[in-house]
Protein chains: 2
Amino acid sequence: MILAGGGGTRLWPLSRRQRPKHLLPVCGEESMLAQTWERLQPMLPTAHLLVVTVADHAPAVLGEIESIPRKNVVVEPMGRGTAACVGLAALIIRKRDPEATMIVLPADHTIEDAEGFRGVLRAGVQAAQDGHLVTLGIVPTGPETGYGYIHRGALLRQAEEHPVYRVERFTEKPDLATAQAFLDAGQYYWNSGIFVWKVAAILAEIERQMPNLYGGLLAIEDALGTRDQAQAIARVWRSVRSISVDFGIMEHAADVVVVPADVGWSDVGCWTSVASLSTADAQGNVLQGEHIVLDCEDTYIRSAGRLVAAVGLRGMVVIDTGDALLVCPKERAQDVKKIVEQLQREGRNQYL
Amino acid sequence: MILAGGGGTRLWPLSRRQRPKHLLPVCGEESMLAQTWERLQPMLPTAHLLVVTVADHAPAVLGEIESIPRKNVVVEPMGRGTAACVGLAALIIRKRDPEATMIVLPADHTIEDAEGFRGVLRAGVQAAQDGHLVTLGIVPTGPETGYGYIHRGALLRQAEEHPVYRVERFTEKPDLATAQAFLDAGQYYWNSGIFVWKVAAILAEIERQMPNLYGGLLAIEDALGTRDQAQAIARVWRSVRSISVDFGIMEHAADVVVVPADVGWSDVGCWTSVASLSTADAQGNVLQGEHIVLDCEDTYIRSAGRLVAAVGLRGMVVIDTGDALLVCPKERAQDVKKIVEQLQREGRNQYL
């Protein structure tokens, strides 16, 4: 199951409401969604891929993943957080195969070592088949404050040569000192939002922790695959609680384990991380599209067609799209979302 | 006489070969040429205004100055420096009135105090009518290294309450230490390229110092006002020496005086000076066109229509035109001409 929701405001002005991050070729020639699927393709047939998205983006999703059956693109009437989303997918998969094991992935991350990543997933699947709820824990490469962390507990077993640990605790995004302490301790992983579990196991946890959602899902079940499906989902979604799978389920789940993954993962969270994923020249510049630079260093220029001329820039980001342009120092790249928020407040919808 | 040649590469990407600086509304709503003429209008009728330009720009010049007689827009077949240009204008004016006094101005400067400026010009005219070659010397406001300086000599007289000094020496663009010494000495002015003289006086100096040019001008004289004019000029211009009136004539002229001008002059030489001529907000930003800024200071944004979003900029210039964009720190604004030179070398003519 790939979660292909909205989002990506920190990649504005490329990422827009109608062209969210995962539908864009942020790194490389293909969309992040297409790349996410390509990474999984050696493991499973397209018939086993489920993508959950919103109605506006469904045609684009079908375009990005060749040969995906139309019924495998599930449309949410509105975003309600990942808990409901995952529950719906689990319900659909259970109806096809009650014994199925399910991998959940966001659509907007990159992985350098795809083969290694599939190895970790296989280990996760093995652990999940023993009934655990499995999270992938990204081995941290720095004291990042933008991610939640997973504190591992005791070593449970080895699966396909990968260690499987009990999860001691999920923690929220830490401050810098805490993040550094986590990094030094060496028993913490970034929460990637990638999970593996049997559909029975996750639905049992939903029933236990979110009975209202579970009841709603049961009310949808009979309509699945019929022409009433969309209406049934819409009816339930109106009143479903909006919460993430992390907070709504994982934090208090009974049997959670973590499989560490050291595979060059990035959530491509902002323009600075896009730049760091691209090949730089001798001056540390990443220059894409029509450009001319004089005496620039550590600068990322991305043009959609017009000429971008830069003189004497240090550590800057210049993103030029059809109707909007962003200029920002790399260390302020997280604040791009504030520009989007301000545009929203000002009702400048043509730029959203 | 207004010199409306090409140039303005430091105002790229706004200024282009086909839209040079003086034809653009760089500051305010009107072109610099139109503003230059408006400043003079209280002093003389349009019939007495001569504009020298190149063929490509002649239609635009006619459009910028309402009611200028077509024969008063003189076309050079190619730029040959201001010496030849001024000689040609002097010749044309002498034919209309051998006793005429002539004011020479570039088309691309701004003046804050237009009334004061006309007062200085009137003093210049009075001094010129005594036979002197008059230069306007801009009272320096800083140790500028981008201008030539005029070292004044003895006070010659007062004209219309303005002092008129003999010129001791013209100096080339100084280094910073020398410029500071000039400023401290207080007897130096910036060479503005604004001159006043009797046509007889300047033509006599041309005859003495540039006999070849003078001979060429005489060869043109009979054709003036006939249908052979353009061809006659073209014939002479082919072999005329390309040199400025400063180097070619003024530096070694016999009787040069300077009238100081303290009138808020600027040659609008680069984007930083454009910014400094515009009204800034409380953070020192000048923001023109569609924009959204977050936490910016001392920054100049100029958009021709698209949205420019800026986060965390300090002392930057962002100029967004239809097909090209410039991003540059203010202190590197002089280097924008190097971008244009590089585009020339690379043959990217669509951006020139």
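**Entry 1: strands β7, β8 and β10 of chain A**

I began with β8(A) and strand β10 (residues 256-261) of chain A, which run antiparallel and are joined by 2 bridges. I looked for the partner of R166(A) in β10(A) and found V257(A). I note here that the model is a predicted one.

I then turned to the pairing of β8(A) with β7(A). Strand β7 (residues 149-159) and strand β8 (residues 162-171) of chain A are antiparallel over 8 bridges. Opposite H151(A), in β8(A), I found R169(A). The two strands make a hairpin, with 2 residues between them. In the turn I checked E160(A), whose phi is positive, at about 50 degrees.

**Entry 2: chain A as a whole**

I listed 11 helices and 17 strands for chain A. The C-alpha trace of chain A spans about 60 × 50 × 40 Å along its principal axes. For 352 residues a compact globule would have a radius of gyration near 20 Å, and the 21 Å of chain A agrees with that.

I took the domain assignment next: domain 1 of chain A is 2-266 and domain 2 is 271-351. Their centres, taken over C-alpha atoms, are separated by 30 Å. Domain 1 of chain A gives 10 residues to the contact, and domain 2 of chain A gives 16 residues. On the side of domain 1 that touches domain 2, I sorted the residues into 6 nonpolar, 3 polar and 1 charged.

**Entry 3: the relation of the two chains**

I laid chain B on chain A. The RMSD is 0.1 Å, after a turn of 180 degrees and a shift of 0.0 Å along the axis. The two copies are therefore related as by a two-fold rotation axis. Which residue of chain B comes closest to the rotation axis? I found V327(B), with its C-alpha at 4.1 Å.

**Entry 4: the contact between the chains**

I counted 28 residues of chain B in contact with 28 residues of chain A. On the chain B side, the elements giving two or more residues are β13 (291-294), β15 (307-311), β16 (316-320), β17 (324-329) and α11 (336-345). Of these, β17(B) gives the most, with 6 residues. By class, this side of chain B has 20 nonpolar, 2 polar and 6 charged residues.

I also compared the two sides. The interface residues of chain B are 100% interface residues in chain A as well, so the copies meet through the same surface.

**Entry 5: the sheet shared by the chains**

I traced an open sheet of 6 strands with mixed pairing, in the order β12(A)-β14(A)-β16(A)-β17(A)-β15(B)-β13(B). Which strands stand at the edges? They are β12 (286-288) of chain A and β13 of chain B; each has a single partner strand, so one side of each is left without a neighbour in the sheet. From one strand to the next the twist averages 5 degrees.

Within chain A, I followed strand β16 (residues 316-320) and strand β17 (residues 324-329), which pair in the antiparallel sense over 5 bridges. There D320(A) has L325(A) as its bridge partner in β17(A).

Across the chains, I looked at strand β15 (residues 307-311) of chain A and β17(B), which are parallel over 4 bridges. In that strand of chain B, L325(B) is the bridge partner of V308(A).

Last, I checked helix α11 (residues 336-345) of chain A. It lies across β17 of chain A together with β13 and β15 of chain B. The helix α11 of chain A runs at about 130 degrees to β13(B).

Definitions and conventions:
Residues numbered from 1 in each chain as written. Chains lettered and ligands numbered in written order. Predicted model: local features only at pLDDT ≥ 70, side-chain atom pairs only at ≥ 80, totals over all residues. Contact = placed C-beta atoms within 7 Å. Nonpolar A, V, L, I, M, F, W, Y, C, P; charged D, E, K, R; others polar. Pairing = 2+ DSSP bridges. Domains from an automatic or database assignment. Least-squares fit on C-alpha atoms with pLDDT ≥ 70 in both. Axes fitted to C-alpha atoms, helices over the stretch in contact; angles between N-to-C directions. Rg over C-alpha atoms; globule rule 2.2 N^0.38 Å.
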